Amino acid sequence: MPTSLAPLDQLPVRVLTAEDLTACSDLSEDRGWPREEHKWNLLLTAGTGYGIDDPDGKGLIASSVVTSYGPGLATIGMVLVAERYARQGVGRRLMRHLVAEAGDTPLTLHATPNGQPLYEQLGFVHTGRAEMLSGHFTATEPAPAVPTRAATAEDLQTILRLDTEVFGLDRTHMLTRLPAFADQIRVAEEKGEITGFAAAWPNMNTHVVGPLIARDTATAQALVASLAAATDRPLRTDIDVRHESLITWLKANGLAPIAFNAVMVRSLPGLPGDWSRRFAPLTVAAG
């Protein structure tokens with residue numbers, strides 16, 4: 001239990017840096033999550049981390065990362081509170097700070113069932129759901145014969161244009177980090193036109209599939225199958241539940257459901273872009 005006399009709802013929130021990577025990973029482990037250093041490193045460099053130091057000097061007691069896409073949207077992820085400080089108002093203190101920092105910028109996040117009530121109290125509303133799936137891809141049910149290939153440097157500008165069209169906002173500062181972050185990036189191409197792209201990046205003992213942008217379900221299936229063919233690791237991904245056909249196909253190919261997370265927004269009626277071509281995000285950091 002904490003020994004500090006300072007009220008928990010008044011503890012200072014500070015910006016995290018790359019030097020906090022180990023402390024962030026320790027906090028993940030404290031809550032029973034994987035350490036996820038690779039993902040933490042991306043988020044802390046591409047976004048802005050916020051944390052609360054333990055008044056007893058034992059690392060961080062709370063964390064979060066905000067990734068900005070300009071004035072149109074910012075995402076909140078990796079909202080964690082140390083077990084010894086759970087249910088004492090620390091998470092509320094941190095989230096109030098993030099909402100105040102955002103000002104008029106709309107916010108979105110993926111909420112676990114435990115976190116959703118707090119976010120609702122802070123003005124977030126439910127706008128959708130994502131299903132997390134994981135397992136060894138069996139290829140029991142073949143993918144459609146949509147041509148895919150490894151992405152090249154020459155594809156980057158086309159990928160960025162397609163992503164902006166589908167995501168609804170410019171994610172250049174994230175996607176230009178993807179070649180160094182991911183083990184694989186593949187594109188679907190038909191008649192010289194790139195109709196989708198996907199990446200698989202390492203996270204502990206799995207390869208996470210995301211982002212997954214595709215013209216249709218058949219293209220999404222082909223991209224996932226092509227990524228799976230080049231790894232012996234289990235796959236993990238978070239799929240918008242509206243893509244029922246893709247989810248059914250993934251389950252038929254060995255991926256099992258792990259959890260559902262609520263997609264929530266604040267100061268926004270819904271997420272921008274074209275959900276019908278947006279199958280999986282780059283990362284999910286639910287809290």
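**Entry 1: Ser63**

I started at Ser63, which sits in strand S3, residues 60-68. The model is a predicted one. I wanted to know whether Ser63 is buried or exposed. The relative accessible area is 0%, so Ser63 counts as buried.

Next I looked for a polar partner of the Ser63 side chain. I found the backbone oxygen of Met78, 3.1 Å from a polar atom of that side chain. I then listed the contacts of Ser63, skipping neighbours within four places in sequence. They are Leu27, Trp40, Tyr50, Gly51, Met78, Val79, Leu80 and Leu94. Met78 is thus on the contact list and also supplies the backbone oxygen.

**Entry 2: Arg35**

I moved to Arg35. I placed Arg35 in the loop between helix H1 (21-30) and helix H2 (37-46). Is this arginine, Arg35, buried or exposed? I read a relative accessible area of 18% for Arg35. The cut-off for buried is under 20%, so Arg35 is buried.

Which side chains does Arg35 meet through polar contacts? One is Glu29, at 3.0 Å. Another is Glu37, at 2.9 Å. I also took down the contacts of Arg35 beyond four places in sequence: Thr22, Ser25, Asp26, Ser28, Glu29, Trp40 and Met204. I noted that Trp40 is listed for Arg35 and for Ser63.

**Entry 3: Strand S10**

Met204 led me to a hairpin. It is formed by S9 and S10, with two residues between the strands, and Met204 takes a positive phi near 55° there. S9 covers residues 193-203 and runs antiparallel to S10, with seven bridges joining them. In this pair I found Phe197 opposite Ile213.

S10 spans residues 206-214, and nine of its nine residues are buried. I checked its other pairings. With strand S11 (residues 235-240), S10 pairs in the parallel sense over two bridges. His207 stands opposite Leu235 there. What joins S10 and S11 into a β-α-β unit? I traced helix H8, residues 217-228, and the unit is right-handed.

With strand S13 (residues 278-280), S10 pairs in the antiparallel sense, also over two bridges. Here Ile213 faces Arg278. I marked Ile213 for two pairings, since I had it opposite Phe197 and opposite Arg278.

**Entry 4: Leu109 and strand S5**

I turned to Leu109, in strand S5, residues 107-111. Its relative accessibility is 3%, so I logged Leu109 as buried. Beyond four places in sequence, Leu109 touches Ile76, Met95, Tyr119, Phe124, Ala262, Val263 and Met264. I also picked out Thr75: 34 residues away from Leu109 in sequence, yet 5.7 Å away in space, C-alpha to C-alpha.

How many residues of S5 are buried? I counted five of five. Side chains in a regular strand alternate between the two faces of the sheet. I therefore checked each face of the strand. Leu107, Leu109 and Ala111 are on one side of S5, Thr108 and His110 on the other, and all are buried.

I then looked at the partners of S5. Strand S4 (residues 74-81) runs parallel to S5, joined by three bridges. Ile76 stands opposite Leu109 in this pair. S4, helix H3 (residues 90-102) and S5 make a right-handed β-α-β unit. Strand S12 (residues 256-266) runs antiparallel to S5, with five bridges between them. In that pair I found Leu107 opposite Arg266.

**Entry 5: Cores**

I looked up the nonpolar cores next. The largest has 39 residues. Ile52, Ile76, Val90, Met95, Leu109, Tyr119 and Phe124 have the most contacts inside it. A second, separate core has 25 residues, including Leu212, Val224, Ala225 and Ala228.

**Entry 6: Whole chain**

Last, I stepped back to the whole chain. I counted nine helices and 13 strands. The C-alpha atoms fill a box of roughly 65 × 35 × 30 Å along the principal axes. A compact globule of 287 residues would have a radius of gyration near 19 Å, and the chain has 19 Å, so the two agree. Of the 287 residues, 52% count as buried. Among contacts with a separation of 6 or more, 73% come from residues 24 or more positions apart.

Technical notes. Residues are numbered from 1 along each chain as its sequence is written. This is a predicted model: local features need pLDDT of at least 70, side-chain atom pairs count only at pLDDT 80 or more; totals for chains, interfaces and linings use all residues. Side-chain values use heavy atoms; hydrogens and water are left out. Helices (H or I, at least four residues) and strands (E, at least two) are DSSP runs, numbered from the N terminus. Buried means under 20% relative accessible area, exposed over 50%, partly exposed in between (1.4 Å probe, protein chains only). A polar contact is a pair of N or O atoms within 3.5 Å; within protein, one must be able to donate a hydrogen and the other to accept it, and residues adjacent in sequence count only if both atoms are side-chain atoms. Contact means heavy atoms within 4.5 Å. Two strands pair if DSSP finds at least two bridges between them. A crossover is right-handed if, with the strands pointing away from the viewer, the path from the first strand over the helix to the second runs clockwise. A nonpolar core is a set of buried Ala, Val, Leu, Ile, Met, Phe, Trp, Tyr and Cys residues joined through side-chain atoms within 4.5 Å. The radius of gyration is taken over C-alpha atoms; the globule rule is 2.2 Å times the number of residues to the power 0.38.
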